[in-house]
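Reader: I'd like to learn how to read a few features of a model like this one. Can we go through it together?

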Amino acid sequence: MESTNPNRRQVLKTGALAIAAGMAIPSVIPQDTKASAPAGGPYTARDYSGLVGMLGFDEPLLRTHFTLYEGYVKNTNALIAELGEMSKASKSGSVAAAELRRRFGWEFNGMRLHELYFENLGGKDALAADSPLGKAIIRDFGSYAAWETDFKNTGKARGIGWAALVMDGWSGRLFNTWIAEHDGGHLAACPIILIMDVFEHAFIAQYGLKRADYIEAFMKNVNWAAAVKRHG
Ligand SMILES: [Fe+2]
């Protein structure tokens, strides 16, 4: 795939901010604002259409992905309402309610993981080596290059799910981890710093079975500002 982006690893080594040339700059993208989740109210789907134009992501692929995400928001709200009704009807102990609760983790995470994913895309700057996140990556993985290789390989695992860079909230240690589907393998109390969707719907319409090519495109569009903000 053709790219005009600079070599980010080299940029990181120099400790300088890089400008990824030739990339469309998306319009305003929500940055984990939490604005779509008013307490007590239904969730609303966020608008990520500003991502259209990213190098390596065809518009039909993105539009389909946005629609799929909106389905998770809709189903999350529906499950909240249904479980609420069952509770009011004194049916919260039923087998049906238990199954819906299992399902809730899948739908809610399907919503939230997509929000984290879209909001860590659309970037134009490389990660600064002297940022707290840049320093933590070098500390825990040895180098940015080593981390990137490990992250890409995490995303190449056979199966459907997510590759995520997470931080142990208790120790600050970073891990690249695999999340099976939406709800399997999450590390407790470990906020997500960067996440990459590797469900087939994220790439197959454009890349076929060439997941590695999609992963390369993802890496060229990482919004490191969002990741740095999450890391704190
Ligand atoms: Fe997805």
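Reader: Is Glu 82 buried, partly exposed or exposed, and why?

Author: Keep in mind that this is a predicted model. The general idea is to count neighbours: 20 or more other C-beta atoms within 10 Å makes a residue buried, and 12 or fewer makes it exposed. Glu 82 has 15 other C-beta atoms within 10 Å, so it comes out as partly exposed.

Reader: Where does Glu 82 lie?

Author: Glu 82 belongs to helix 2, which covers residues 59-88. For a link across the sequence, look at Leu 100: it is 18 residues from Glu 82 along the chain, and their C-alpha atoms are 8.5 Å apart.

Reader: On to the sheet. What is the order of its three strands?

Author: Read the order across the sheet, then the sense of the pairing. Here the order is 2-1-3, the pairing is antiparallel, and the sheet is open. Strand 2 (174-180) and strand 3 (192-197) are at the edges with a single partner strand each, so each has one side without a neighbour in the sheet. From one strand to the next, the twist averages 20°.

Reader: How many bridges pair strand 1 and strand 2?

Author: Seven, in the antiparallel sense, with strand 1 spanning residues 161-167. Follow the partners to see the register: Val 166 bridges to Phe 175 in strand 2, while Ala 164 bridges to Thr 177.

Reader: And which residue in the turn has a positive phi?

Author: That's Gly 172, with a phi of about 85°. The turn is part of the hairpin formed by strand 1 and strand 2, which have six residues between them.

Notes: Residues numbered from 1 in each chain as written. Predicted model: local features only at pLDDT ≥ 70, side-chain atom pairs only at ≥ 80, totals over all residues. Pairing = 2+ DSSP bridges. Helix = DSSP H or I, 4+ residues; strand = E, 2+ residues; numbered from the N terminus. Axes fitted to C-alpha atoms, helices over the stretch in contact; angles between N-to-C directions.
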